[in-house]
Amino acid sequence: MDTDAERLLLIAEDDAAFARTLGRSFERRGYTVMHASNLEQVAALLQDHSPGYAVVDLKLNGDASGLACVQTLNRHDPSMLIVVLTGFASIATAVEAIKLGACHYLAKPSNTDDIEAAFGRAEGTIDVELTNRSTSIKTLEWERIHETLAETGFNISETARRLGMHRRTLARKLGKQQVK
């Protein structure tokens, strides 16, 4: 079992090129980096290692979402600082990630500076600016779609069925709204 979890970082990301680039960047900052592309690999790594930090993609290979990975990591070590990265940001998945043990939630594209800053802001802040703008219908629709996506483990067909829309319509909506 690792005793020096201070600078041990686990990256749970199914995009191998992105994980490699992110890993190298963190290694240059003094972290020891491990990589897993799905929940099973995360569980296997946790048998021999105890990272102090984790970066988890919300959508991983296999049947499990990144939320299941966050839950597994938090159960392994509740003091682990976990940042969730996603190209499918929504309030619903952000809330669930935090409830399951993530310390922060970032939309892609995010870089090493953003992630490291998120590790440092684990306690939260009261200085977040509040707006008086009401939520638009498009935003509410987007949130509902992503909440249902998270509930179905990012299964587009099942999400479309639950929302009562055609699968192609949902795919078009997702294609238009992806974070760039």
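Does Lys-99 count as buried or exposed, and at what relative accessibility? In this predicted model, Lys-99 counts as exposed, with a relative accessibility of 62%. The cut-off for that label is over 50% relative accessible area, so the value of Lys-99 falls in the exposed class. Its partner makes a useful companion to look at. Lys-99 forms a salt bridge with Glu-96, and the closest N and O atoms of the pair are 3.6 Å apart. Glu-96 is partly exposed, at a relative accessible area of 34%. Both residues belong to helix α4, which covers residues 91-99, and because they are 3 residues apart there, about one helical turn separates them.

The pair is one entry in a longer list, as the structure holds 5 salt bridges. Side chains of opposite charge can pair when their charged atoms come close. Helix α7 (residues 156-163) offers a good place to follow this further, with Glu-158 and Arg-161 both lying in this helix. Their side chains meet in a salt bridge with an N to O distance of 2.6 Å. Glu-158 and Arg-161 are 3 residues apart, about one turn of the helix. Glu-158 also forms a salt bridge with Arg-162, where the closest N and O atoms are 2.9 Å apart. Here the spacing is 4 residues within α7, so Glu-158 and Arg-162 are again separated by about one helical turn. The accessibilities of the three side chains can be set next to one another. Glu-158 counts as partly exposed at 22% relative accessibility, Arg-161 counts as exposed at 56%, and Arg-162 is partly exposed with a relative accessible area of 43%.

Elsewhere, Arg-29, Asp-113 and Glu-116 are linked in a network of salt bridges. Glu-116 turns up once more in the packing of two helices. Two packed helices are described by the angle between their axes and the distance between the axes. For helix α1 (residues 16-28) and helix α5 (residues 112-120), the angle is about 60° and the axes are 10 Å apart. The crossing of α1 past α5 is right-handed. On the α1 side, the contact involves Leu-22, Ser-25 and Phe-26, which meet Thr-112, Ile-115, Glu-116 and Phe-119 of α5. By residue class, this contact is made up of 4 nonpolar, 2 polar and 1 charged.

The strands come next. An open sheet is formed by 5 strands, arranged in the order β2-β1-β3-β4-β5 with parallel pairing. At its edges are β2 (32-36) and β5 (104-107), each of which pairs on one side only. From one strand to the next, the twist averages 20°. Zooming in on one pair, strand β1 (residues 8-12) joins β2 in the parallel sense over 5 bridges. Within this pairing, Leu-10 stands opposite Met-34 in β2. A helix also meets the sheet: α3 (residues 66-76) lies across β1, β3 (53-57) and β4 (81-86). Relative to β3, helix α3 runs at about 165°.

Conventions. Residues numbered from 1 in each chain as written. Predicted model: local features only at pLDDT ≥ 70, side-chain atom pairs only at ≥ 80, totals over all residues. Heavy atoms only, no water. Axes fitted to C-alpha atoms, helices over the stretch in contact; angles between N-to-C directions. Helix = DSSP H or I, 4+ residues; strand = E, 2+ residues; numbered from the N terminus. Left-handed = near helix turned anticlockwise from the far one by under 90°. Contact = heavy atoms within 4.5 Å. Nonpolar A, V, L, I, M, F, W, Y, C, P; charged D, E, K, R; others polar. Salt bridge = Lys/Arg side-chain N within 4 Å of Asp/Glu carboxyl O. Buried < 20%, exposed > 50% of the residue type's maximum accessible area, 1.4 Å probe, protein only. Pairing = 2+ DSSP bridges.
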